[in-house]
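Reader: Could you take me through this model one step at a time, with the reasoning set out before each result?

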Amino acid sequence: MRRDDICLYPRPADRAELHALITNRNTSRKLVWRAEIVLATADGHGTAQIMRRSGTSKPTVWRWQQRYLD
């Protein structure tokens, strides 16, 4: 099932904050996954590619996409 309804457009400040979370070695792995999912979605990557990059499942990707939108 393709999710064409997910379009994320984070502000530059939000994008910088998410990138900082990813590069900070003290950030928990779960938080890094969430930030990677949001940034990859914003960059236009599909669900399958995001799953491979972050090492998470499809429902996890969909959940964090939706939570960021909310």
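**Surface, fold and the last helix**

Author: In this predicted model, the protein chain exposes about 4,900 Å², of which carbon and sulfur atoms supply 51%.

Reader: Which pattern does the protein chain follow when read along the sequence?

Author: The secondary structure of the protein chain comes to 4 helices and 0 strands. Read from one end of the sequence to the other, the protein chain therefore has the pattern α-α-α-α.

Reader: What radius of gyration does the protein chain have, and what would be expected of a compact globule?

Author: The C-alpha trace spans about 35 × 25 × 20 Å along its principal axes. For a compact globule with 70 residues the radius of gyration would be near 11 Å, and the protein chain agrees with this, having 11 Å.

Reader: How far apart are the end C-alpha atoms of helix α4?

Author: Helix α4 runs over residues 58-69, and its 12 residues, at 1.5 Å a residue, should span 16 Å. The computed distance between its end C-alpha atoms agrees with that expectation, at 17 Å.

Reader: Where around α4 do its buried residues lie, and which helices are included in what covers them?

Author: With buried taken as under 20% relative accessible area, Thr60, Val61, Trp64 and Gln65 are buried in α4. Because these residues cover an arc of only 130° around the axis, they lie on the same side of α4. What covers the buried residues of α4 includes two other helices, namely α2 (29-42) and α3 (47-54).

Technical notes
Residues are numbered from 1 along each chain as its sequence is written. This is a predicted model: local features need pLDDT of at least 70, side-chain atom pairs count only at pLDDT 80 or more; totals for chains, interfaces and linings use all residues. Side-chain values use heavy atoms; hydrogens and water are left out. The expected span of a helix is 1.5 Å times one less than its number of residues. Buried means under 20% relative accessible area, exposed over 50%, partly exposed in between (1.4 Å probe, protein chains only). The arc is that of the directions from the helix axis to the C-beta atoms. Contact means heavy atoms within 4.5 Å. The radius of gyration is taken over C-alpha atoms; the globule rule is 2.2 Å times the number of residues to the power 0.38. Accessible areas come from the Shrake-Rupley method with a 1.4 Å probe; for residues, only the protein chains shown count as cover.
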